[in-house]
Amino acid sequence: MPDEPDQRERREETIAQTKPGESFNDVTEHYRTVMGVPDKPVDLNGMPKPLRMFGYFFLGAFALFAIALVVTVIVQSWG
């Protein structure tokens, strides 16, 4: 049965009245508290320097391998 217009309006008002860190239903509350879904983005500059360096190295190596793969495929297609 479709929602009546007044029920839909009340639900939209409830969602609009929630504060930024507050859940508007049980599902989002469950994911935030039980499942551990973060409600704020991660501050990468706040991480320890060795961990940041490892991340930069890993991302850089991934980018280099991706470029090498593309170049290899292009060179093989010409030959």
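Trainee: Is Phe-58 buried or exposed?
Mentor: In this predicted model, local features need pLDDT of at least 70 and side-chain atom pairs 80 or more, while totals for chains, interfaces and linings use all residues. Residues are numbered from 1 along each chain as its sequence is written, and side-chain values use heavy atoms, leaving out hydrogens and water. Buried means under 20% relative accessible area, exposed over 50% and partly exposed in between, with a 1.4 Å probe and protein chains only. Because its relative accessibility is 52%, Phe-58 counts as exposed.

Trainee: Which residue forms an aromatic pair with Phe-58, and how are the rings arranged?
Mentor: Happy to look at that one: the structure holds one aromatic pair. With Phe-54, the centres are 6.3 Å apart and the planes differ by 25 degrees. Rings of Phe, Tyr and Trp (its six-membered ring) pair if their centres lie within 6.5 Å, and planes under 30 degrees apart count as stacked, over 60 as edge-to-face and the rest as tilted. The partner is Phe-54, and the arrangement is stacked.

Trainee: Where do Phe-54 and Phe-58 lie?
Mentor: Helices (H or I, at least four residues) and strands (E, at least two) are DSSP runs, numbered from the N terminus. The two residues are four apart, about one turn of the helix, and both lie in helix 3.

Trainee: What patch do these residues help to make, and what is its area?
Mentor: Leu-51, Phe-54, Phe-57, Phe-58 and Leu-59 make a nonpolar surface patch. Leu-51 is partly exposed, because its relative accessible area is 44%, and Phe-54 counts as exposed at 53%. Patch residues have over 30% relative accessible area and no salt bridge (a side-chain nitrogen of Lys or Arg within 4 Å of a carboxyl oxygen of Asp or Glu), with like charges joined within 9 Å and nonpolar side chains (Val, Leu, Ile, Met, Phe, Trp, Tyr) within 5 Å. By the Shrake-Rupley method with a 1.4 Å probe, where for residues only the protein chains shown count as cover, the patch comes to about 600 Å².

Trainee: How many buried residues are there in helix 3?
Mentor: Good one to check: helix 3 has 30 residues and is hardly covered. Its count of buried residues is zero.

Terms used: The expected span of a helix is 1.5 Å times one less than its number of residues.
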